[in-house]
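Subject: Structure for your review

Dear colleague,

Please find the structure below, handed over for your own work. My account of what was found in it follows directly after.

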Amino acid sequence: ISIIAPLIDITNKEPTENIFTIFFRTLLGSINLDVNISNILLVGLAISLVASFFVVISVLLQKKIQLNFEVEQKATFYDLLSNLKVTAQHQLNFGNVTQVIQQETKSSAMLIEYFVRMMSAIFQVAVYISLLIVVSMEMTLFVIAGLFILWFFIKRLYVAAKKQGRMIGL
């Protein structure tokens, strides 16, 4: 949306001067470039490359945090295991204990990934809604109302299907 609007304004004889066109005119004017289609597409490419770089960095940091969390949890569990009495240690099946520790730490570390994805999705929704509001307030309200009505009917269908599934399972 942010690239299409300036392209339309540049190609039309009478520009509408929306917020995106003003942004591109200011940005290109600050680096002494003409406002034409190729420069707008070049800036769009640069913005896409920067966004991709930040996505890669965020995934790298998330995986690093997840790995550190998993290693710390495993160290804690193994430390607790080493505090057992010697007689209790001989009765344990260390293969099963190690498998449980591995699964539990991996599952809890996956929560970090799900949390990061959820926060990213919330941020993306906020950005998309703000862009929609800038482009067309009426269309945004219409889409939100339509999605609410659709959610209401799907929720009722989900509850009815779940109730029927319980009745079949009995």
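**A pair within one helix**

Glu-70 and Lys-74 both belong to helix H3, where four residues, about one turn of the helix, lie between their positions. Please note that the model is a predicted one. The two residues form a salt bridge, in which the closest N and O atoms are 3.5 Å apart. The count of salt bridges comes to one. Glu-70 has a relative accessible area of 12% and is therefore buried, the cut-off for that class being under 20%.

**The chain as a whole**

The protein chain contains six helices and zero strands. Read from the N terminus, the order of elements is α-α-α-α-α-α. The chain has 170 residues, of which 14% count as buried. About 13,400 Å² of the protein chain is exposed, and 71% of that area is supplied by carbon and sulfur atoms. Among the contacts with a separation of 6 or more, 51% join residues that are 24 or more positions apart.

**Where helices H3 and H5 are concerned**

Which residues does Thr-105 contact, once its neighbours within four places in sequence are left aside? They are Glu-70, Gln-73, Lys-74 and Phe-77. Both partners of the salt bridge, Glu-70 and Lys-74, are thus found in this list. Thr-105 itself is located in helix H5, which covers residues 94–135. Its relative accessibility is 0%, so Thr-105 counts as buried. In addition, the side chain of Thr-105 reaches the backbone oxygen of Gln-102 at a distance of 3.1 Å.

Gln-62 is another residue of helix H3. With 10% relative accessibility, Gln-62 counts as buried. Leaving aside neighbours within four places in sequence, Gln-62 is in contact with Glu-113 and Val-116. The C-alpha atoms of Gln-62 and Glu-113 are separated by 6.9 Å, although their positions lie 51 residues apart along the chain.

**A nonpolar patch**

Val-50, Phe-53, Phe-54, Ile-57, Leu-60 and Leu-61 make up a nonpolar surface patch of about 590 Å². One of these residues, Phe-53, lies in helix H3, which spans residues 37–82.

**Aromatic pairs**

How many aromatic pairs are there? The count comes to three. One of them joins Phe-148 and Trp-151; the pair is tilted, with 5.9 Å from centre to centre and 35 degrees between the planes. Phe-148 and Trp-151 both lie in helix H6 (residues 137–169), three residues apart, or about one turn of the helix. Is Phe-148 buried or exposed? At 52% relative accessibility, Phe-148 counts as exposed, because the threshold for that class is over 50%.

**A backbone angle in a loop**

Asn-32 is not a glycine, yet its phi is positive, at about 60 degrees. Asn-32 is placed in the loop between helix H2 (19–30) and H3. Its relative accessible area is 70%, so Asn-32 is exposed.

With kind regards

Note on methods: Residues are numbered from 1 along each chain as its sequence is written. This is a predicted model: local features need pLDDT of at least 70, side-chain atom pairs count only at pLDDT 80 or more; totals for chains, interfaces and linings use all residues. Side-chain values use heavy atoms; hydrogens and water are left out. Helices (H or I, at least four residues) and strands (E, at least two) are DSSP runs, numbered from the N terminus. Buried means under 20% relative accessible area, exposed over 50%, partly exposed in between (1.4 Å probe, protein chains only). Contact means heavy atoms within 4.5 Å. Accessible areas come from the Shrake-Rupley method with a 1.4 Å probe; for residues, only the protein chains shown count as cover. Rings of Phe, Tyr and Trp (its six-membered ring) pair if their centres lie within 6.5 Å; planes under 30 degrees apart count as stacked, over 60 as edge-to-face and the rest as tilted. A polar contact is a pair of N or O atoms within 3.5 Å; within protein, one must be able to donate a hydrogen and the other to accept it, and residues adjacent in sequence count only if both atoms are side-chain atoms. Patches are made of residues with over 30% relative accessible area and no salt bridge: like charges are joined within 9 Å, nonpolar side chains (Val, Leu, Ile, Met, Phe, Trp, Tyr) within 5 Å. A salt bridge is a side-chain nitrogen of Lys or Arg within 4 Å of a carboxyl oxygen of Asp or Glu.
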